[in-house]
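Subject: Structure handover

Hello,

Here is the structure I said I would pass on. My notes follow below it.

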Amino acid sequence: MSDVYKNNSVVLTNNSQTTIYTVPTANADIVPKQKPVQAVVSSIRACNKSGGALTLTLVNTDASVGADVTIINALSIASNTAIEILEKPLVLENSDVLKATSSATGMDIIVSVLEIS
């Protein structure tokens, strides 16, 4: 078992859904073998750099159910403001995908993750 600390950042440049982080997918056919991974997301920080309020939507494409599960929906963030989205850690599993959508250009997101395999 190994633990790897990571951070992933994105600059949202339009109002389309953007992948922030994907939990590695188990794959025994590669060298070295990719074991199943669980990811503990300890922080999701959003910063609105624009001159007006923006909304942020975060979803987890949950591989185990094959659907998007909404974490926050259209959360309004004031201009020139940074906020912490999570109150408690979020556990993601093998092949889950964390995605964000902003109402307009000007939102930065950084995610801090502990990968456990």
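Where is Gly-52 found? Gly-52 sits in the loop that connects strand 3 to strand 4. Please keep in mind that this is a predicted model. With a relative accessibility of 29%, Gly-52 falls in the partly exposed class, because that class runs from 20% to 50%. Its C-alpha lies 32 Å from the C-alpha of Asp-96, and the two residues are 44 apart in sequence.

Overall fold

The protein contains nine strands and zero helices. In sequence order the pattern is therefore β-β-β-β-β-β-β-β-β. The radius of gyration is 15 Å, close to the 13 Å from the globule rule for 117 residues, so the protein is as compact as a globular protein of that length. The C-alpha trace spans about 50 × 25 × 25 Å along the principal axes. Of the contacts between residues at least 6 apart in sequence, 78% join residues at least 24 apart.

Surface and charge

Buried residues account for 32% of the 117 residues. The exposed area of the protein is about 6,400 Å², and 52% of that comes from carbon and sulfur atoms. As for charge, there are 7 positive and 10 negative side chains, with the centres of the two sets 5 Å apart.

Core

The largest nonpolar core comprises 24 residues, and Ile-44, Leu-56 and Ile-109 have the most contacts inside it. At least two residues of this core come from each of strand 1 (3–12), strand 2 (18–22), strand 3 (38–48), strand 4 (54–62), strand 5 (67–77), strand 8 (97–102) and strand 9 (107–116). Leaving aside residues up to four places away in sequence, Ile-109 touches both Ile-44 and Leu-56. The other residues that Ile-109 touches include Asn-8, Ser-9, Val-10, Leu-12, Ile-20, Arg-45, Ala-46 and Ala-100.

Ala-82

Ala-82 belongs to strand 6, which covers residues 81–84. The relative accessible area of Ala-82 is 38%, so this residue is partly exposed. Which residues does Ala-82 touch, not counting those up to four places away in sequence? They are Arg-45, Ala-46 and Cys-47. Arg-45 and Ala-46 are also among the residues that Ile-109 touches. From Ala-82 to Thr-105 the C-alpha distance is 15 Å, at a separation of 23 residues in sequence.

Regards

Notes
Residues are numbered from 1 along each chain as its sequence is written. This is a predicted model: local features need pLDDT of at least 70, side-chain atom pairs count only at pLDDT 80 or more; totals for chains, interfaces and linings use all residues. Side-chain values use heavy atoms; hydrogens and water are left out. Helices (H or I, at least four residues) and strands (E, at least two) are DSSP runs, numbered from the N terminus. The radius of gyration is taken over C-alpha atoms; the globule rule is 2.2 Å times the number of residues to the power 0.38. Buried means under 20% relative accessible area, exposed over 50%, partly exposed in between (1.4 Å probe, protein chains only). Contact means heavy atoms within 4.5 Å. Accessible areas come from the Shrake-Rupley method with a 1.4 Å probe; for residues, only the protein chains shown count as cover. Lys and Arg count as positive and Asp and Glu as negative; His and the chain ends are not counted. The place of a charge is taken as NZ of Lys, CZ of Arg, CG of Asp or CD of Glu. A nonpolar core is a set of buried Ala, Val, Leu, Ile, Met, Phe, Trp, Tyr and Cys residues joined through side-chain atoms within 4.5 Å.
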